[in-house]
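Trainee: I've just opened this one and I'm new to it. Could we go through it together, one question at a time?

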Amino acid sequence: MSSRSGAEVRDALLNGRPISWGFNPKERRVILQFPKVLGGEKYVLCIAGYYTFVARPMERGFVPKVFANDLLRRGACAIKQVFSRSTA
Amino acid sequence: MSRNLLHFDVTDLNVTVAEGVRFKWQGKEIDSGPLTIKLGAPGSAGVIDYDAGTVDVEYRARISSPALEEIYDILEDMGEERGETAPFDVVIRSKGSIFGDDHSLRLAGKGELTDHRLFDPSETSLEILAPTH
């Protein structure tokens, strides 16, 4: 989950693919306060695992403005490569 | 002018607190065993605002553990309605930022508990801290 680039994650999300993010299992991220009937203790705990997001169907294909230029640039490069191959 | 928003559903949440907790109930100290936090009621969802570089997400989660399940069973045997003793549901509202290099998320949030026989919302709280990096 940590080796992906931002562009890969964005592309996957925008194409409706599920993307997961994990927790560092060594980091204490949860504070849980129990009620008095269960002792009333406060715990600071490590959590392990992940959560997954999927763009809603109506959102798929949506291209945020901040990424549009990047996609256009990559598209232009791909067309240029195909053109140079076909004319070589 | 429309904003660069991406609405999403949370389709999975699979979290374990392996160390569990030790709590007291009716004078006894009890080891909860591993706590699990998974999706509960439907409707977990959120939105990424690419203009602001922020994420807002709501997880509708359910917390369980072997020892809690045993206590729910005992309470049920004692005549409590199962609906009042289990499940232990919580709505976690998290906010945070997105980092462009790897699209990592830095989320922190607070849980809002539903009414529960054991986990009185006025005495119980759940907070998720942001990752340190």
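Trainee: Which element gives the most to the lining of the largest pocket?

Mentor: Keep in mind that this is a predicted model. Strand 1 (19-22) of chain A and three strands of chain B, namely strand 1 (5-17), strand 7 (88-99) and strand 8 (104-113), each put at least two residues into that lining. With four residues, the top contributor is strand 8 of chain B.

Trainee: And what kind of residues make up the lining of the largest pocket: how many are nonpolar?

Mentor: The pocket holds about 640 Å³ of space, and 27 residues line it. Gly22(A), Phe23(A), Arg29(A), Tyr51(A) and Leu105(B) are the ones nearest its centre. Seven of the lining residues are polar and five are charged, while the nonpolar ones number 15.

Trainee: What about enclosed spaces? How do the residues of the lining of the largest cavity divide?

Mentor: Counting those of 30 Å³ or more, there are two cavities, and the largest has about 40 Å³ of space. Its lining draws on both chains, with Val30(A), Leu32(A) and Leu45(A) from one and Val17(B), Leu35(B), Ile37(B), Ile63(B) and Leu126(B) from the other. Strand 2 (28-33) of chain A and strand 4 of chain B each give at least two of these residues. The split is no polar, no charged and eight nonpolar.

Trainee: Strand 4 of chain B also has Lys38(B) in it. Is Lys38(B) buried, partly exposed or exposed?

Mentor: Lys38(B) does have company: leaving out residues up to four places away in sequence, it touches Leu13(B), Asn14(B), Arg60(B), Ala61(B) and Arg62(B). Buried would need under 20% relative accessible area, and exposed over 50%. Lys38(B) has 38%, so it counts as partly exposed.

Trainee: How far apart in space are Lys38(B) and Gly111(B)?

Mentor: Along the sequence, 73 residues separate Lys38(B) from Gly111(B). In space, going C-alpha to C-alpha, the distance is 14 Å.

Trainee: Stepping back to the whole chain, what pattern does chain B follow along the sequence?

Mentor: Chain B has two helices and nine strands. Its C-alpha trace spans about 60 × 30 × 25 Å along the principal axes. Reading along the sequence, the order is β-β-β-β-β-β-α-α-β-β-β.

Trainee: Among contacts in chain B between residues at least 6 apart in sequence, what share joins residues at least 24 apart?

Mentor: Chain B has 133 residues, and 43% of them count as buried. Its accessible surface is about 6800 Å², with 49% belonging to carbon and sulfur atoms. As for the contacts you asked about, the share is 59%.

Trainee: Now chain A. In what order do its elements run from the N terminus?

Mentor: Chain A has 88 residues, 39% of them buried. It exposes about 5300 Å², and carbon and sulfur atoms supply 58% of that. Its elements are two helices and four strands, and they run α-β-β-β-β-α.

Trainee: Where in chain A is confidence lowest?

Mentor: Chain A has a mean pLDDT of 79, and 64% of its residues reach 70 or more. Confidence is highest in strand 3 (residues 42-46) of chain A, at 97. Low pLDDT is a reason not to read predicted coordinates in detail. The lowest mean, 54, belongs to helix 2 (residues 65-87) of chain A.

Methods. Residues numbered from 1 in each chain as written. Chains lettered and ligands numbered in written order. Predicted model: local features only at pLDDT ≥ 70, side-chain atom pairs only at ≥ 80, totals over all residues. Heavy atoms only, no water. 1 Å grid on protein atoms, 1.4 Å probe; cavity = no way out; pocket = protein on both sides within 12 Å on 5 of 7 lines; lining within 4 Å. Points joined across faces, edges and corners; volume = space filled by probe spheres on them. Nonpolar A, V, L, I, M, F, W, Y, C, P; charged D, E, K, R; others polar. Buried < 20%, exposed > 50% of the residue type's maximum accessible area, 1.4 Å probe, protein only. Contact = heavy atoms within 4.5 Å. Areas by Shrake-Rupley, 256 points an atom, 1.4 Å probe, with all protein chains shown as cover. pLDDT = per-residue confidence, 0-100.
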